[in-house]
Amino acid sequence: MIEQEKHASLGRLVAGIAHEINTPVGVAITAASFVEDEVVHLEEKLQSCQLTKH
């Protein structure tokens, strides 16, 4: 019984650590993808001379 509790506790600990790592990694990947899309859009505007100063 004690061994089962240890395994369950370890499982919860590992799940918590995985969540703490995956959350910021997921946010970083999403942000990088967004920035990449914006850069591509900016490059397209630059190539077609559609950029203006405001």
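This report describes the fold, surface and selected residues of one chain.

The model is predicted: local features need pLDDT of at least 70, side-chain atom pairs count only at pLDDT 80 or more, and totals for chains, interfaces and linings use all residues. Residues are numbered from 1 along each chain as its sequence is written, and side-chain values use heavy atoms, with hydrogens and water left out.

**Overall form**

The chain has 1 helix and 0 strands. Its radius of gyration is 23 Å, well over the 10 Å that the globule rule gives for 54 residues, so the chain is more spread out than a compact globule. That radius is taken over C-alpha atoms, and the rule is 2.2 Å times the number of residues to the power 0.38. Along its principal axes, the C-alpha trace spans about 70 × 20 × 5 Å. Helices (H or I, at least four residues) and strands (E, at least two) are DSSP runs, numbered from the N terminus. Helix α1 covers residues 2-47.

Two residue pairs show the spread. Ala18 and Val39 are 21 residues apart in sequence and 31 Å apart in space, C-alpha to C-alpha. For Lys6 and Lys53, the values are 47 residues and 64 Å.

**Surface and charge**

Buried residues make up 0% of the 54 residues. Buried means under 20% relative accessible area, exposed over 50%, and partly exposed in between (1.4 Å probe, protein chains only). The chain exposes about 5100 Å², and carbon and sulfur atoms supply 65% of that area.

Leu10, Leu13, Val14, Ile17, Ile21, Val25 and Ile29 form a nonpolar patch on the surface. Together they have about 650 Å² of accessible area. Such a patch joins nonpolar side chains within 5 Å, from residues with over 30% relative accessible area and no salt bridge (a side-chain nitrogen of Lys or Arg within 4 Å of a carboxyl oxygen of Asp or Glu).

There are 4 positive and 8 negative side chains. The centres of the two sets lie 6 Å apart. Lys and Arg count as positive, Asp and Glu as negative.

**Selected residues**

| Residue | Place | Relative accessible area |
|---|---|---|
| Lys6 | helix α1 | 54%, exposed |
| Ala18 | helix α1 | 33%, partly exposed |
| Val25 | helix α1 | 41%, partly exposed |
| Cys49 | segment after α1 | 69%, exposed |

Cys49 has a further feature. Its phi is near 55 degrees, a positive value in a residue other than glycine. Most residues other than glycine have a negative phi.

Methods:
Areas by Shrake-Rupley, 256 points an atom, 1.4 Å probe, with all protein chains shown as cover. Charge placed at Lys NZ, Arg CZ, Asp CG, Glu CD. Patch = residues over 30% accessible without salt bridge, like charges linked within 9 Å, V, L, I, M, F, W, Y side chains within 5 Å.
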